[in-house]
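Biologist: Please take a close look at one part of this model, the largest pocket. Then tell me what else sits around the rings and in the core.

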Amino acid sequence: MEQRDWTDGHVERWKPVLPELDPDVEGAVTRMKKLSVHLRRVREQSLVDFALDRQEFDTLHKLAGRGGKAAPSDLAADLDLAPASVTGRLDALERRGFARRTPSTTDRRRVDVELTDQGRSTWLGAMAFLGNEEERLLGVLGKDERRLLNSMLRRIMVVAEDRGGAAWD
């Protein structure tokens, strides 16, 4: 017999109240919500452990995602922020030794932001903390099951993203 979790009890409590409730839909949605909350908590703990605030992590993450080097305007677009807000973030990251601004090699009017070795190391450490938990959780599934889960979630997200075009990052 399959192990029970908190959601099984939740669905059982609501089924008599809402007889039309589909237990598979309610179970899946509730589990996705609880998993999302769990992973958010793990991420927040990783930020505490690496003495990062969310803004610092998000900025380091976007910079790392651009290969460790980007124009401030690109980071502003990636973070959906006004350029002045990014300037403040970059000032803080520079003070901590996580990033540096250098004159652009292609345009004298521009600066580039580069991830320092310390910034990359801190970002990677925070990412590894979360990645280890993701691996631990999804490690209960075999490779084919993970592929199937990913495919099913993609199909659901295609429908969700088709409704209103909300930003999902």
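Modeller: A term comes first: a charge sits over a ring if NZ of Lys or CZ of Arg is within 6 Å of the ring centre and within 35 degrees of the ring normal. Keep in mind that this is a predicted model.

Now the pocket. The largest pocket holds about 1,600 Å³ of space. Its lining counts 31 residues. Nearest the centre lie Arg-31, Met-32, Leu-35, Leu-138 and Leu-149. Four elements give two or more residues to that lining: helix 1 (6–14), helix 2 (23–49), helix 6 (117–138) and helix 7 (143–162). Helix 2 has the largest share, with eleven residues. Sorted by class, the lining has 15 nonpolar, ten charged and six polar residues.

Next, the rings. Trp-6 has two charges over its ring. The charged end of Lys-34 is 4.3 Å from the ring centre of Trp-6. Arg-13 also lies over the face of Trp-6, at 5.7 Å from the ring centre. As for ring-to-ring partners, the structure holds zero aromatic pairs.

Last, the core. The largest nonpolar core contains 19 residues. Leu-52, Leu-60, Leu-63 and Leu-75 have the most contacts inside this core. At least two residues each come from helix 3 (54–65), helix 4 (72–79), helix 5 (83–95), strand 3 (111–115) and helix 6. Helix 3 gives the most, four residues. Helix 6 thus appears twice: it supplies at least two residues of this core, and it gives two or more residues to the pocket lining.

Notes. Residues are numbered from 1 along each chain as its sequence is written. This is a predicted model: local features need pLDDT of at least 70, side-chain atom pairs count only at pLDDT 80 or more; totals for chains, interfaces and linings use all residues. Side-chain values use heavy atoms; hydrogens and water are left out. On a 1 Å grid over the protein atoms alone, a cavity is a set of points where a 1.4 Å probe fits but cannot get out, and a pocket is an open set with protein on both sides within 12 Å along at least five of seven lines; lining residues have an atom within 4 Å of a point. Grid points are joined across faces, edges and corners, and a volume is the space filled by probe spheres set on the points. Ala, Val, Leu, Ile, Met, Phe, Trp, Tyr, Cys and Pro count as nonpolar, Asp, Glu, Lys and Arg as charged, and the others, Gly among them, as polar. Rings of Phe, Tyr and Trp (its six-membered ring) pair if their centres lie within 6.5 Å; planes under 30 degrees apart count as stacked, over 60 as edge-to-face and the rest as tilted. A nonpolar core is a set of buried Ala, Val, Leu, Ile, Met, Phe, Trp, Tyr and Cys residues joined through side-chain atoms within 4.5 Å. Buried means under 20% relative accessible area, exposed over 50%, partly exposed in between (1.4 Å probe, protein chains only).
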